Amino acid sequence: MTDRIRLLHFADLHLGMENYGRLDPATGLNSRVRDFLERFDELVAFALNQEVDLVIFAGDAYKRRSPNPTLQRAFAKRIKKLADADIPVLLLVGNHDLPTMVQRASTLDIFSTLAVPNVIVARKEGLHRIETRHGVVQVAAIPYPVRQRLLSRDEYRGLSAAQLDREVEKIVTANIQALAEQLDPDRPAVLTAHLSVSGATFGSERSVMLGRDAVIFTSAVADPAWDYVALGHIHKHQSLNRGDYPPVVYAGSLERIDFGEEGQPKGFCLVELARGETTYRFVEVNARPFVTVRADLRDAPDPLLAIREAVAAYDIRGSVVRLVLQMRAEQEPLVRDREVRRLLAAAHFVGAIVREVERGARVRLTGLAPEEMSDRQLLERYFETRDVPPERIRLLLERAARLFEEG
Ligand SMILES: [Mn+2]
């Protein structure tokens with residue numbers, strides 16, 4: 001029996017996410033950026049302590065395609081720690097890493113340009129044969145499939161967006177198949193891809209990726225030619241192959257982006273890689289909790305006291321907290337923002353205080369910034385501005401609710 005190779009798989013770092021954070025004077029960084037970096041530090045420390053043999057990052061290093069130099073330095077520092085410890089690191093290019101024009105550099109290209117030892121940048125589809133301390137691993141890389149690049153030929157002109165996505169799906173499936181055929185069947189093989197796979201759930205109120213995406217069938221990646229499929233792009237950790245071989249896994253992100261990820265554990269995957277008998281486990285990191293506190297004040301004689309009691313039922317220390325208050329219109333003046341915020345002082349950040357005020361039969365949302373609204377609230381507001389009749393709004397929201405649940 002050959003040695004097992006320890007692989008650490010993580011994804012969707014998204015450095016530069018600043019929502020629900022404030023400036024940290026000690027570092028000059030936004031406190032949420034610092035959170036994301038601390039999770040990354042946890043991961044690096046784990047990799048060094050556990051002496052992993054290989055790290056695969058499955059894409060989306062930053063929030064933006066032009067991250068500032070401070071973020072770039074913070075990312076490079078941590079990658080270098082791994083590389084200096086003789087741990088090869090494969091960096092797969094995600095959609096957030098890509099430039100708007102193909103000729104321009106991706107945020108990860110600098111590592112290949114400088115030929116940093118032990119760092120491999122996968123910007124194109126391809127098979128990498130990586131030497132590790134415990135043997136060779138074959139890693140096939142599928143970066144985010146860019147519709148415009150894959151479909152530049154004339155035959156695709158005039159197709160609808162949905163038809164183009166279907167064409168992308170076919171091309172990517174064929175590429176994966178072609179890579180599988182190049183494998184040495186006696187060596188462990190990993191497929192890493194940054195894309196949406198059918199059957200995956202988002203569980204985020206608004207996914208980071210807005211707009212459309214080609215979706216690849218699980219069957220296209222769940223091929224026993226691979227020993228592990230390391231996915232990135234969807235922030236919710238999940239396994240897609242129902243215990244069959246190989247494991248097909250989204251590592252998920254290391255920190256939460258919004259309240260849609262409130263209940264999700266965050267972390268990375270530790271894979272014990274061996275031909276035909278790979279296993280993995282999810283390693284949770286200490287991500288900052290997101291907590292929604294709901295309080296129905298409609299029958300409360302003292303609304304502020306009712307809020308205090310509702311808050312006391314949760315552990316909000318160090319959390320990003322959101323308060324959702326159901327109240328009657330005449331209670332509004334009794335619930336002053338400053339007093340409510342005082343009750344939430346133990347939190348790291350107050351994400352929103354949502355007042356659902358009853359006016360007759362209808363619930364109205366007041367004083368909400370768009371980023372504080374849920375998808376449902378945004379949609380409702382949109383329908384209202386378009387003068388959609390109330391009965392039709394109710395029907396549309398019901399339909400939408402089902403879609404939101406399906407993710
Ligand atoms: Mn992505």
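Reader: Two strands pair if DSSP finds at least two bridges between them, so how many bridges join β12 to strand β14?
Author: In this model, which is a predicted one, 3 bridges join β12 to β14, residues 248–250, and the two strands run parallel. Within that pairing, Val229 has Val248 of β14 as its bridge partner.

Reader: What order do the strands of that open sheet have?
Author: The open sheet has 6 strands in the order β7-β8-β9-β12-β14-β13, and the pairing is mixed. Its edge strands are β7, residues 126–132, and β13, each of which pairs on one side only.

Reader: And what is in the loop between β13 and β14?
Author: Pro246 has its place there, and the peptide bond that leads into Pro246 from Tyr245 is cis, with omega near 0°. Arg242 belongs to the loop between β13 and β14 as well, and although Arg242 is not a glycine, its phi is positive, at about 45°.

Reader: Is Arg242 buried or exposed?
Author: Arg242 is exposed, because 9 other C-beta atoms lie within 10 Å, and a residue counts as exposed with 12 or fewer.

Reader: Where is Lys236 then, and is it buried or exposed?
Author: Lys236 sits in the loop between β12, residues 228–232, and β13, residues 238–239. Lys236 is buried, because it has 20 other C-beta atoms within 10 Å, and 20 or more is what the term asks for. Lys236 and Lys266 stand 30 residues apart in sequence, while their C-alpha atoms are 7.9 Å apart in space.

Reader: Which other residue, not a glycine, has a positive phi?
Author: Asp60 is one of them, with a phi near 75°. Asp60 lies in the loop between β4, residues 54–57, and α2, residues 69–84, and it counts as buried because 27 C-beta neighbours fall inside 10 Å.

Reader: Switching topic, which loop holds Val93, and what is Val93 in contact with?
Author: Val93 is found in the loop between β5, residues 89–92, and α3, residues 109–113. Setting aside neighbours within four places in sequence, Val93 is in contact with Gly59, Leu98, Ser106, Leu108, Ala122, Arg123, Pro143 and Tyr144. Val93 is also buried, because 26 other C-beta atoms lie within 10 Å. Its C-alpha atom is separated by 35 Å from that of Ala347, which is 254 residues away along the chain.

Reader: How does β5 pair with β6?
Author: The two strands pair in the parallel sense over 4 bridges, and Val89 stands opposite Val119 in β6. In β6, residues 119–122, the side chains alternate: Val119 and Val121 point one way, Ile120 and Ala122 point the other way, and all of them are buried.

Reader: What about α7, which residues there are buried?
Author: In α7, residues 303–312, the buried residues are Pro303, Ala306 and Ile307. They lie on the same side of α7, because they cover an arc of only 100° around the axis. An α-helix has 3.6 residues a turn, so residues three or four places apart point the same way. On the other side of α7, Leu305 and Ala312 are exposed.

Reader: What covers the buried residues of α7?
Author: The cover includes β17, residues 290–296, together with β18, residues 320–328, and α8, residues 337–343. β17 and β18 run parallel and are joined by 7 bridges. The chain passes from β17 through α7 to β18, and this β-α-β crossover is right-handed.

Reader: Stepping back, how is the protein divided into domains?
Author: Domain 1 covers 5–284 and domain 2 covers 290–373. The contact between them takes 8 residues from domain 1 and 7 residues from domain 2. Taken over C-alpha atoms, the centres of the two domains are 38 Å apart.

Reader: Last one: what pLDDT does the protein average, and where is it below 50?
Author: The average pLDDT is 89, and 93% of the residues score at least 70. The pLDDT is below 50 over residues 205–211, and this stretch has 12 contacts in the model beyond near neighbours in sequence.

Definitions and conventions
Residues numbered from 1 in each chain as written. Predicted model: local features only at pLDDT ≥ 70, side-chain atom pairs only at ≥ 80, totals over all residues. Arc of directions from axis to C-beta. Contact = placed C-beta atoms within 7 Å. Pairing = 2+ DSSP bridges. Right-handed = clockwise from strand over helix to strand, strands pointing away. pLDDT = per-residue confidence, 0-100. Domains from an automatic or database assignment.
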